[in-house]
Amino acid sequence: MEENPDLQWYTAFCQGRLVGQSSAGLVNGRWQRRRHRAQVGFVVLKAFWGLGIGGRLMENCLAWCRQQGCEQVELDVVAHNQRALDMYKSFGFEAVGLRPRALKYPDVPMPVKPR
């Protein structure tokens, strides 16, 4: 796999098992006018929620973003994921908008909506 200096991955293991991962990356890094922005994303296995793994992954991502000189860090979260919303808020994130149907999961049907 080719290295990308505009993207960083972090992983969390428990007893040799991968239980979480996160990434931080510059938003469209080749465009100078956007290089002040980064996007982060997370996943932690449900059995390992509440152990501080997500928070530690966030700390690593934010440290990387600071090292890159980012002034704005962005993320997506589904509106009903209160646990994630609370964690993000504890790190100073705030909602800036809604994008209905922006995230799609294979086990959750999405109704067809007319334009």
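In this predicted model, Ser22 is placed in strand S2, which spans residues 17-26. The relative accessible area of Ser22 is 1%, and the residue is therefore classed as buried, the cut-off being under 20%. When residues up to four places away in sequence are not counted, Ser22 touches Gln8, Trp9 and Tyr10 on the N-terminal side of the sequence, and Gly41, Phe42, Leu57 and Cys61 further along.

One of the elements beyond strand S2 is helix H1, which covers residues 53-67 and contains Gly55. Gly55 has a relative accessible area of 16%; because this value falls under 20%, Gly55 also counts as buried. With neighbours within four places in sequence left aside, the contacts of Gly55 are with Met87 and Phe91. A further relation links Gly55 to Tyr88: the two residues are separated by 33 positions in sequence, while their C-alpha atoms lie 8.8 Å apart in space.

Strand S4 comprises residues 72-74 and includes Glu74. Glu74 has a relative accessible area of 18%, and so it too meets the cut-off of under 20% for a buried residue. Two polar contacts of the Glu74 side chain can be described. One is made with the side chain of Arg37, at 2.5 Å. Another is made with the side chain of Gln72, at 2.7 Å, and Gln72 and Glu74 both fall within the residue range of strand S4. Arg37 also appears in the list of residues that Glu74 touches once those up to four places away in sequence are not counted. That list further holds Val27, the run Ala38, Gln39 and Val40, and Phe93.

These residues belong to a chain of 115 residues, of which buried residues make up 27%. Two helices and four strands are present in the chain. Read from the N terminus, the order of elements is β-β-β-α-β-α; three strands thus precede a helix, after which come another strand and another helix.

Contacts across the chain were also considered by sequence separation. Among those between residues at least 6 apart in sequence, 49% join residues at least 24 apart. The pair Gly55 and Tyr88, at 33 residues apart, has a C-alpha to C-alpha distance of 8.8 Å. As for the surface, the chain exposes about 9,100 Å², and 52% of this area is supplied by carbon and sulfur atoms.

Methods. Residues numbered from 1 in each chain as written. Predicted model: local features only at pLDDT ≥ 70, side-chain atom pairs only at ≥ 80, totals over all residues. Heavy atoms only, no water. Buried < 20%, exposed > 50% of the residue type's maximum accessible area, 1.4 Å probe, protein only. Polar contact = N/O pair within 3.5 Å; in protein donor to acceptor, adjacent residues only side chain to side chain. Contact = heavy atoms within 4.5 Å. Areas by Shrake-Rupley, 256 points an atom, 1.4 Å probe, with all protein chains shown as cover.
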